[in-house]
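Here is a short set of exercises to work through with the model open beside you. Try each task before you read its solution.

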Amino acid sequence: MSDVIVQVDEGFKEYSRGAERVEVLKGVSLKIYRGEFVALIGPSGSGKTTLLNLIAGLDQPTRGRVVINGRDISRMSESELARWRTTAIGFVFQFYHLIPVLTAYENVELPLLLLNMSASRRRKQALNALGLVGLSHRLTHRPGQLSGGEQQRVGIARALVTDPALVVADEPTGDLDGRKKEEILDLLQQLQEGLNKTILMVTHDHTAASRAHRLLRISDGMLLEEHAETREEALALAFPDAKLRP
Amino acid sequence: MLFKFINLVFKSLGRNKVRTALTGMGVIVLVAIYAIVTNVTSTVKSKISGGDQTRLIVSERWTMPSQIPSRYVSEIAKLPGVKNFTTWTIFVGFLDRIPQADRQVAVLSVHPQTLREMHGGLMDLPDEVYEEWLSTKDAVLVGPGMMKKMNWHIGQQFTVFGARFPPVDVQYRIIGTIPGGEWASAIFCRQDYLADASDNSGSVNAILLSVESEERAKQLASELSKEYENRQPALKIETESAGVARFASRSTAVLQIIDAVVAILLIDMVIILSNSISISVRERRVEMAVLKVLGFQPLHIAIMIIGEAMFVGGIAGMIGTGIVCSISTLTLSGAIPLAKWNSFLLQFPVPWSAVLWSGLLGAGVGLTGSVFPAMATRKVKVSDVFARIA
Amino acid sequence: MIPVKYNARNLVVRWKTTLMTASGFTLVVAALVVMLAFVEGVQQVCTTSGEPQNVIVLAKGNNDEVFSQLDTRSGREIERTKGIARRGDGQMLASREIFLVMHRHLESANVFKFLQVRGVEPVAFDVHTQVKITGGRNFRPNQSEIIIGSGVQREHELAIGDSMALGRKQWKVVGIFTANGTAFESEVWCDQSELASQFRREGVFSSMVVRTDSPAQAAEVVERLKDSRSLVCNPMTETEYYSKQAAQTEMITAAAWVIAWFMGIGAIFGVMNTMFAAIGQRRKDIAVLRILGFKPYEILISFLLEAILISIVGGFLGIMIGMVVNGFSRSTAVGSREVEFAFKVTQTTITFAAGFSISMGILGGLLPALSVVRVQPLEALK
């Protein structure tokens, strides 16, 4: 259980903003192991989205190496990356980003269309994923007919349907409140535990972060002493105003 | 692979129904007028360029209107290689003693025995009508457009008061109608009858020859030109299509303007589609980014957008022309009363095959109009999907 | 009122869409302008060809010189009519003319081309005062000489010194004439009796044109000829004759408008798309405007103005493009003859085109603008 799913070595990322060069990531190194539930936290502009983009294969480092599940993705071409993402990464977004014209079932099936897969197998897999998130009874509803919590479940089912090793979630509960938020976090936790998925979640939210096994704190483009803290210490540092969960 | 995405293409079209409908209707209207206009011009053009090289028109060499002495007719019809012939004489007059411009008619008198063979489109004239034509001296066959315009019925008799002076009145009996198309507004009568009734057996306006082969037709044309060069009157011989072309060339300016308008119609369609597709692409940038994140290649997305445009264009094209064809068919069958606006359809009926062509045209317009907006989706950056969309 | 600046800025910001939508209008308007310029050009030729104090007399039942035949006796009758003017030297201004449409064989292309030939007597130049010899000299009778109009010079690529066959004779071009841009410029003129003998027209002619002192006199002469008991003919003022020839252009005008409106409807759907999208994008703006206290109808008018603004830009460009054809010379069939005409973009055409463009803008903008009223301010701001 200790194999490395995500490995970033000395990751740098620069952007040019006009004539000025801005260094967003300043040599980040990290490892995430199979089955871990990791929260990436940090203030706005700290570089956490950039780091997430690098890990999810949406962007490439200026320098350094990103290895996901044993594959170095830092030098892959854009179209290779796209092909790779379909099966390697599951994405969960804050605003769900479901295709509004497609039904819940069709949204979940969508990534499978990119794979060389028979229609019956697609159907089986999509129904399975929807079953896992508890939406077997909502197959033909379109996103507009679903509540926010339900939409996010569809989003999660879509992330799982290709059976990726890594699920990246960007503020998955950011648009939900109270009970719904807890439900989604419960669901993520179940998946991580039941299916042994590796989850990397970016969040601003204390409740969400407290569900993670491990917290990665990023500030000004650098990870803060990754191994130095316990989860509770890290939470306290990240959310000084929040009461710690018992 | 592509087939799997068709569902998404269709559903995307339903996303903004108003826009899809507006775009579709824009294309429908433009394709409809395109179908009408090009149907007219292509009919005219096919007469000019696609003409049968074995058919010759013999007319007076120098002046118009042409007058050919009848003695020439028998000489020329007997020449070796002439398979068939007819003569054409046009008798212009009014249906009333007091002339009224909208009651003017031109009766085309022809050699009765070769009516069907010498006039394209009359091949299908039923035998019984043809028999009656042969046995009735004052018979006329009238095109459906003319029948409607003058409110005639089969069996009716009418008199044409000749426009020339001294006046000649000729009585006719309608024994049947001829199919629409080229002869939709024609009135055919028998040359032998006209010659008797108008006391003019001396001349005809033109002779039409059908020659056994192209080679022989060419030969005959030069032989005849030479032989009749120094006779009074001299003759000119040209292929039927050259004759049509000569008249059409007088309207070259009009045809060119029409061609320009047709080009503009096409460009207009492309613009309307392109604009609509661009707008919807812009509105769906986030969605496209998400598709890319999920692993869709830029090409997949571009093809889906082009597919949407081609589908709308193709369907709209077929609907537009379908409407025109329906109107055309209904006009021809008499279900729609003939009026100023639709009488040209008798002359230029729009064939149902045009629906297919228009579908292809519409799809082509869709392709042209969507290529650039579809390419623009390449610029959608996947790395923006997390950051910017909030 | 919401300042128009707001709309103008928005159009500039979305310049690609604006331009694309406007270009739909541009094409339609340009097509309309060209089509109407064609009709205007032809009509111009036809209406100016006839001189109001001239009367043209044709054979009974004929409205076209090509088919008309009068004999010498009728000619003498016509000349006896009261009211025909005389030249200084006492010569009666009555011109017997043979008008023939002939087929000229073009060796180079091996095709026949129409050529209009008018056989005249010297008095014709005093009756058709627009005809002026501008190059070379006049023809001499019985020398097989012709003069050609400037339109013939262009269309048939002939020059002074060239000769061509008409009938069995070779005729030599000795002069070139203009006629104020009228239909005569598309004609070849030569000696009447020489033409008659060449084409078996001895003793007959196509028409007789008589000149009177004034348009009113001309009308009187027409009446007298019509009332004549001894003469059966078809007299009319020359102006009327040529205007009738232009009658068929009315059909082209009608077709031009039909085509333009069809295209216009297409463009209207285009602008509706653009405006619906613009309004969709600016729901928040609309909400803010509503909260600031603008009335729904004010916002409606503002968006309608935006559509009209697009149509003005498109229409203006369209008129500009259409204007390019102005003055461009071509020839076309009018009745049985071919005339040289110049495309003519008139003030009326421009006014029509502008009105057309703006009405497309209004029609296209109205429905989307009406949808603005349905925007719920608080809803939209969420």
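The radius of gyration is taken over C-alpha atoms, and the globule rule used for comparison is 2.2 Å times the number of residues to the power 0.38. Please keep in mind that this is a predicted model.

**Exercise 1. Overall form of chains A and B**

Task: Compare the radius of gyration of chain A with the globule rule, then do so for chain B.

Solution:
- Step 1. Begin with chain A, whose 246 residues would give a compact globule a radius of gyration near 18 Å. Chain A has 18 Å, so the value agrees with the rule.
- Step 2. Look at the box next: along the principal axes, the C-alpha atoms of chain A fill roughly 45 × 45 × 40 Å.
- Step 3. Move on to chain B, which has 15 helices and 12 strands. For its 390 residues the rule gives 21 Å, but the radius of gyration is 29 Å, so chain B is more spread out than a compact globule.
- Step 4. The C-alpha trace of chain B spans about 95 × 45 × 35 Å along its principal axes.

**Exercise 2. Burial, surface and charge**

Task: Put together a profile of chain A and of chain B from burial, contacts, surface and charge.

Solution:
- Step 1. In chain A, which holds eight helices and 10 strands, 57% of the 246 residues count as buried. In chain B, 55% of the 390 residues do.
- Step 2. Take contacts between residues at least 6 apart in sequence. In chain A, 69% of these join residues at least 24 apart; in chain B the figure is 75%.
- Step 3. Chain A exposes about 10,600 Å², with 47% supplied by carbon and sulfur atoms. Chain B has an accessible surface of about 16,700 Å², and 62% of that belongs to carbon and sulfur atoms.
- Step 4. Finish with charge. Chain A carries 31 positive and 31 negative side chains, and the centres of the two sets lie 6 Å apart. Chain B has 37 positive and 31 negative charges, with mean positions 14 Å apart.

**Exercise 3. Chains and cores**

Task: Which two chains share the most contacts, and which residues touch the most other members of the largest nonpolar core?

Solution:
- Step 1. Two pairs of chains are in contact, and chains B and C share the most contacts.
- Step 2. Chains A and C are joined by no contact; their closest C-alpha atoms lie 14 Å apart.
- Step 3. Now for the core. It has 161 residues, and A:Leu30 and C:Trp189 touch the most other members. Helix H2 (residues 15-49) of chain C gives the largest share of this core, 17 residues.
- Step 4. There is also a second, separate core of 41 residues, which includes A:Tyr96, A:Leu98, A:Met117 and A:Leu191.
- Step 5. As background, nonpolar side chains tend to be buried together in soluble globular proteins.

**Exercise 4. Two leucines and a covered helix**

Task: Where is A:Leu52 placed, where is B:Leu13 placed, and how many residues of helix H11 of chain B are buried?

Solution:
- Step 1. A:Leu52 sits in helix H1 (residues 48-55) of chain A. Its relative accessibility is 0%, so A:Leu52 counts as buried.
- Step 2. A:Val168 is 116 residues away from A:Leu52 in sequence, yet their C-alpha atoms are 7.7 Å apart.
- Step 3. B:Leu13 belongs to helix H1 (residues 6-13) of chain B. With a relative accessible area of 11%, B:Leu13 is buried, too.
- Step 4. Leaving out residues up to four places away in sequence, B:Leu13 touches B:Thr20, B:Glu308, B:Phe311 and B:Val312. From B:Leu13 to B:Ala309 the C-alpha distance is 9.0 Å, across 296 residues of sequence.
- Step 5. Helix H11 (residues 285-293) of chain B is mostly covered, with seven of its nine residues buried. Among them are B:Glu287 and B:Lys292. B:Gly295, which follows this helix, has a positive phi near 115°.

**Exercise 5. Positive phi outside glycine**

Task: Is A:Asn69 buried or partly exposed, and what is the phi of C:Ser144?

Solution:
- Step 1. Recall that most residues other than glycine have a negative phi.
- Step 2. A:Asn69 has a positive phi, near 50°, and lies in the loop between strands S4 (63-68) and S5 (71-72) of chain A. Its relative accessible area is 43%, so A:Asn69 is partly exposed.
- Step 3. For C:Ser144, phi is positive and near 55°. C:Ser144 is placed in the loop between strands S5 (132-136) and S6 (145-149) of chain C, and at 13% relative accessibility it counts as buried.

Technical notes
Residues numbered from 1 in each chain as written. Chains lettered and ligands numbered in written order. Predicted model: local features only at pLDDT ≥ 70, side-chain atom pairs only at ≥ 80, totals over all residues. Heavy atoms only, no water. Helix = DSSP H or I, 4+ residues; strand = E, 2+ residues; numbered from the N terminus. Buried < 20%, exposed > 50% of the residue type's maximum accessible area, 1.4 Å probe, protein only. Contact = heavy atoms within 4.5 Å. Areas by Shrake-Rupley, 256 points an atom, 1.4 Å probe, with all protein chains shown as cover. Lys, Arg positive; Asp, Glu negative; His and termini not counted. Charge placed at Lys NZ, Arg CZ, Asp CG, Glu CD. Core = buried A, V, L, I, M, F, W, Y, C linked by side-chain atoms within 4.5 Å.
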